[in-house]
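Open the model in your viewer and keep the sequence panel visible. The tour below goes from one selection to the next and says what is found at each stop.

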Amino acid sequence: MNYIEEGFELLKEISFERLVGTEGEKKAQEIITKYLKNNNLSFYLEPFSLTGFEKGKASLRFNNKEINGYPNGGIGDVTLEGELFVLESDKQLNENPEIVKDKIVLINFPLDIKNYETLSKNLPKAVIRFSPPDKLPYHPSFRQTFFKEGTLLPVINITYEDAEKLSFASKVSITAHSLKKIVTAENIIIDIKGRDNRKDKIILCAHYDSVATSPGAADNGGGSAILYSIALYLKDFMPRNNFRLIFFSGEELGLLGSIYHTLKHRKETNEIKLVVNIDVAGDRWGKNLAMVLGDDELFHLVQTEANYLGIDFNVKKSIYSSDGMPFSAYSIPSVSLARHGGRPSAYVHTAKDSIEYSSIEGLRDIYKLAKQLVTRIDEAKFSLFKRQIPDELKKEINSYFIDRLGEKTFIKDRDSFFRRNK
Ligand SMILES: [Zn+2]
């Protein structure tokens, strides 16, 4: 078996629900580490704690009908009834926020931090969201900061088709529960010492947790499988540079494993040359993406290596909501690789992101480019790009953490670190 075939074997074994802090995730960790042990790849675990939750369930009753969905993780026990109000857009919400008071609001817009705060302040009884047509319901989670700040808005997630039925109701009653709890999760880390006696290192990473209800075959069993294949390759290749390979946990709840790792190792961040992150892979037919957070030299390097392999990659300078981001907050360049556009990636974050739709062909292009890129960088006699992130991308990175992730403290901690060490 070649490296990627071995990776696919791992993917087949870990394609089950791996919600952070649950038995499922522990079981996946045992399988991954068993594969590492069988191949004499030494590793260690990096534990961290977070507010986790049980999957839970939710049901809505109206006009003698009952539909089921999922609560946002950790809403506790909820029993309530009230008048339904449909909000078509967040413009409508922002113009008249007080109209949601005491209502059960069915929304057709993203529940981002800003909209969540506006809704929270105006005290609706509950908020109902729905997934795109023909998709199973999502199971989103609150940001960790929401748990710390106290009362959570009861948020229920249903399908598009059920939302259509619900929209004719005037009164709805809801029962839901999902208890929150403090849990421990672990990043799995492999350090590979380079032949040259250098201090700096290259990081490759992929998250192995999944959202609740989802077997996460594409997101991100695929990335984990590719990372494992790269580990097998590097072990035989014996690189000149030091490499650190990390299977992150807690990504789906807001990059928790990678944020923890970068904060814990913040004194060593200037030793990291590059991060290659893999998140979402396995589509039999799909489009390959490489999102670069770095300078022009890195951008052109990625494009050139993809062309050298003769594989079509859409290379762009862009943020990507995944574990490369916390590193970029420390000005460490990163390349995120993903494959989208086919069936598994369309089912991402639902119970249908299962192994039956993922294929080994869907892993190959990403594996090849990741391997090519790290090999080229490793063999070069000089640095092929600078360790920097252009200002226009830095702005996007900051607003991603503050507006999309609600992680003001992470950004602040990093800033105070830089001030102290200037
Ligand atoms: Zn993911």
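Begin in the barrel, with Pro71: this residue stands opposite Ile156 in E7. The model is a predicted one, and the positions named here are to be read in it.

Now select residues 65–71, strand E3, together with residues 155–158, strand E7. The two strands run antiparallel and are joined by two bridges. Widen the selection to the sheet they belong to: seven strands close into a barrel, in the order E2-E3-E7-E6-E5-E4-E8, with mixed pairing. On average, neighbouring strands of this sheet are turned by 35° against each other, direction ignored.

Stay with the barrel strands and pick Asn63, in the loop between strand E2 (57–62) and E3. Its phi is near 45°, a positive value in a residue other than glycine. Most residues other than glycine have a negative phi, and most peptide bonds are trans. Is Asn63 buried or exposed? Asn63 counts as exposed, because it has 11 C-beta neighbours inside 10 Å, and the limit for exposed is 12 or fewer.

Next, zoom out to the whole protein. The secondary structure comes to 14 helices and 15 strands. Along the principal axes, the C-alpha atoms fill a box of roughly 70 × 50 × 35 Å. For 422 residues, a compact globule would have a radius of gyration near 22 Å, and the protein agrees with its 22 Å. Of the 422 residues, 47% count as buried. Among contacts with a separation of 6 or more, 79% are between residues 24 or more positions apart.

Move to the other sheet on this tour. Eight strands form an open sheet in the order E1-E9-E11-E10-E12-E15-E13-E14, and the pairing is mixed. Which strands stand at the edges? They are E1 (44–53) and E14 (313–317); each has a single partner strand, so one side of each is left without a neighbour in the sheet. The twist averages 20° from one strand to the next.

Inside this sheet, select residues 201–207 (E10) and 242–248 (E11), which run parallel and are joined by seven bridges. Lys201 stands opposite Asn242 in E11.

Then add the helices that pack on the sheet. Helix H8 (residues 256–264) touches E1, strand E9 (180–192), E10 and E11, and its direction makes about 130° with that of E1. Helix H12 (residues 361–379) touches E10, strand E12 (272–278), strand E13 (287–293), E14 and strand E15 (334–340). The direction of H12 makes about 165° with that of E15.

Go back to the loop between E11 and H8, where Leu255 is found. Leu255 has a positive phi of about 55° although it is not a glycine. Leu255 is buried, with 25 other C-beta atoms within 10 Å; 20 or more are needed for that label.

For an unusual peptide bond, select Asp219 and Asn220: the bond from the one to the other is cis, with omega near 0°. Asn220 lies in helix H7 (residues 217–237).

Finish with a helix pair, H1 (residues 3–14) and H2 (residues 23–38). They pack at an angle of about 160°, with their axes 10 Å apart. That makes H1 roughly antiparallel to H2, since angles over 145 degrees count as such. H1 passes H2 in a right-handed crossing. To see the contact, show Leu10, Glu13 and Ile14 of H1 with Ala28, Ile31, Ile32 and Tyr35 of H2.

Technical notes. Residues numbered from 1 in each chain as written. Predicted model: local features only at pLDDT ≥ 70, side-chain atom pairs only at ≥ 80, totals over all residues. Pairing = 2+ DSSP bridges. Helix = DSSP H or I, 4+ residues; strand = E, 2+ residues; numbered from the N terminus. Axes fitted to C-alpha atoms, helices over the stretch in contact; angles between N-to-C directions. Rg over C-alpha atoms; globule rule 2.2 N^0.38 Å. Contact = placed C-beta atoms within 7 Å. Parallel < 35°, antiparallel > 145°, perpendicular 65-115°, else oblique. Left-handed = near helix turned anticlockwise from the far one by under 90°.
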